[in-house]
Amino acid sequence: MDRLPSKKGGGRFPKQIAMKKKNRTRILQLFKMNVFNISLLTLVFALSCSSSDSETGGAPTDLVVDVTLVGANDANPNGNGSGKVQVSATAKNATRYAFRFESADQLESQTGTMEYTYTKDGTHSYNIVVWAYSATGEYINQTVAVEVYRSDEEFAALVFSDEFDDDGAPDAEKWHYQIIPPNNGSWHNNELQHYTARPENSFVSDGTLKIKALKEEYTYNGSTKSYTSARLNAKLAFTYGRVEVRAKLPSMAGTWPAIWTLGADSNETGNYFGDQYGSVGWPLCGEIDIMEQTGWDKNSIISHFHWGDLNTQVYNDEGGEGPVANASTEFHIYSMEWNSGSIKTYVDGNLVYEFTNAPNKPYNKEHYLILNIAMGGNLGGDVPDSFSEDTLEIDYVRIYQ
């Protein structure tokens, strides 16, 4: 006969109680494992999303390509003859870029910038292809068509010119009047004139610029002189190049015409550039006299160089002279070819002087062109009483690089 359950066992038999406890333990373990697995899956998913977002962010968009033709300007829209182009690209979500010029392989760039030189002479059309890549390799691309000019000539690109075709005042976008005397109310070299911005002293007519020296009393800032003239600065600072000026020179004794340059860091009183390029003064700025003519010899010209050694600051000068026939009745071309190795001056293509350039000389930086007539002074000499006026007449000014 079966026994009745005792009160001590809670109404259950010992075997049943043990099984119940075992089942509870297994359920608790399974619950803990499920919670752990769910947490792990959630973490993996979050990390996966985070990694995907940070690495890709989707395909690149908004590709912008900018192409610069080196040396391009209004006169040389296809570049300066170097054949060089500079390309920059930007795109959203791009981690690298690639470029293709002509039929060459892709050129990689992390920054999105690239420079390339075309070598075929003349002006030619090319397609530049640019790719922007995301971290996962997705990409977009763009093709830009360009026309590029290439020449082996050393100075092929016209960077400044004035043909003086428009009557009136000289072009204010190209020329600056220098009128403030830098030497206590006078100009250097014992010159006898004031320079002015008046039309009486400089004007364009019949296709040429006239710089006219006049005998007249003229007062500027309390300083009175017996002669007036004009001194023009070209509004271009340039390093290396070829300068050509076609001109007729004044014929009268006492006139000192000049076509020349100063270093743009001269900071000479009243010059166009001021201290924009520095303020070393003369002679450390360097001076190139492409052409100057004395007041007593109208059948020859001088080319001369004045400079301060950049290492020792010691003043130096050297130069030479060459013949020129009919300088006041016929136009002649006065020119200079300037590079890092030499500076050569010419009249009508005939060499006047060759100067050796070097790193210790101030001829590897910006200079600017000056046109003027001085009166008297160191190279003008005595001015005859009969002098009334004389003119430096200029057909054109051209600067190539």
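This passage looks at the confidence of a predicted model, one of its sheets and the surroundings of T255.

Confidence first. Across the chain the pLDDT averages 88, and 86% of the residues reach at least 70. Two stretches fall well outside that picture. Residues 1–18 stay under 50 in pLDDT, and the model gives them just 3 contacts beyond four places in sequence. Residues 35–56 are also below 50, with 4 contacts in the model once near neighbours in sequence are set aside.

Next, the sheet. Three strands line up as β1-β2-β5 in an open, antiparallel arrangement. The edges are taken by β1 (61–69) and β5 (113–117); each has a single partner strand, so one side of each lacks a neighbour in the sheet. On average, and ignoring direction, neighbouring strands here are turned by 20° against each other. Strand β2, which covers residues 84–92, pairs with β5 in the antiparallel sense through 5 bridges. One residue pair to look at is V85 and its bridge partner Y116 in β5.

Then there is T255, which sits in strand β16 (residues 255–263). With a relative accessibility of 0%, T255 counts as buried because the cut-off for that label is under 20%. The T255 side chain has polar company all the same: it comes to 2.7 Å from the backbone oxygen of M252, and it makes a polar contact of 2.8 Å with the side chain of K298. K298 also turns up among the residues in contact with T255 beyond four places in sequence, a list that includes P250, Q293, T294, G295, I373, F387 and D390.

Definitions and conventions:
Residues are numbered from 1 along each chain as its sequence is written. This is a predicted model: local features need pLDDT of at least 70, side-chain atom pairs count only at pLDDT 80 or more; totals for chains, interfaces and linings use all residues. Side-chain values use heavy atoms; hydrogens and water are left out. pLDDT is the predictor's confidence in each residue, from 0 to 100. Contact means heavy atoms within 4.5 Å. Helices (H or I, at least four residues) and strands (E, at least two) are DSSP runs, numbered from the N terminus. Buried means under 20% relative accessible area, exposed over 50%, partly exposed in between (1.4 Å probe, protein chains only). A polar contact is a pair of N or O atoms within 3.5 Å; within protein, one must be able to donate a hydrogen and the other to accept it, and residues adjacent in sequence count only if both atoms are side-chain atoms. Two strands pair if DSSP finds at least two bridges between them. Axes are lines fitted to C-alpha atoms, for helices over the stretch in contact, and angles run from 0 to 180 degrees between N-to-C directions.
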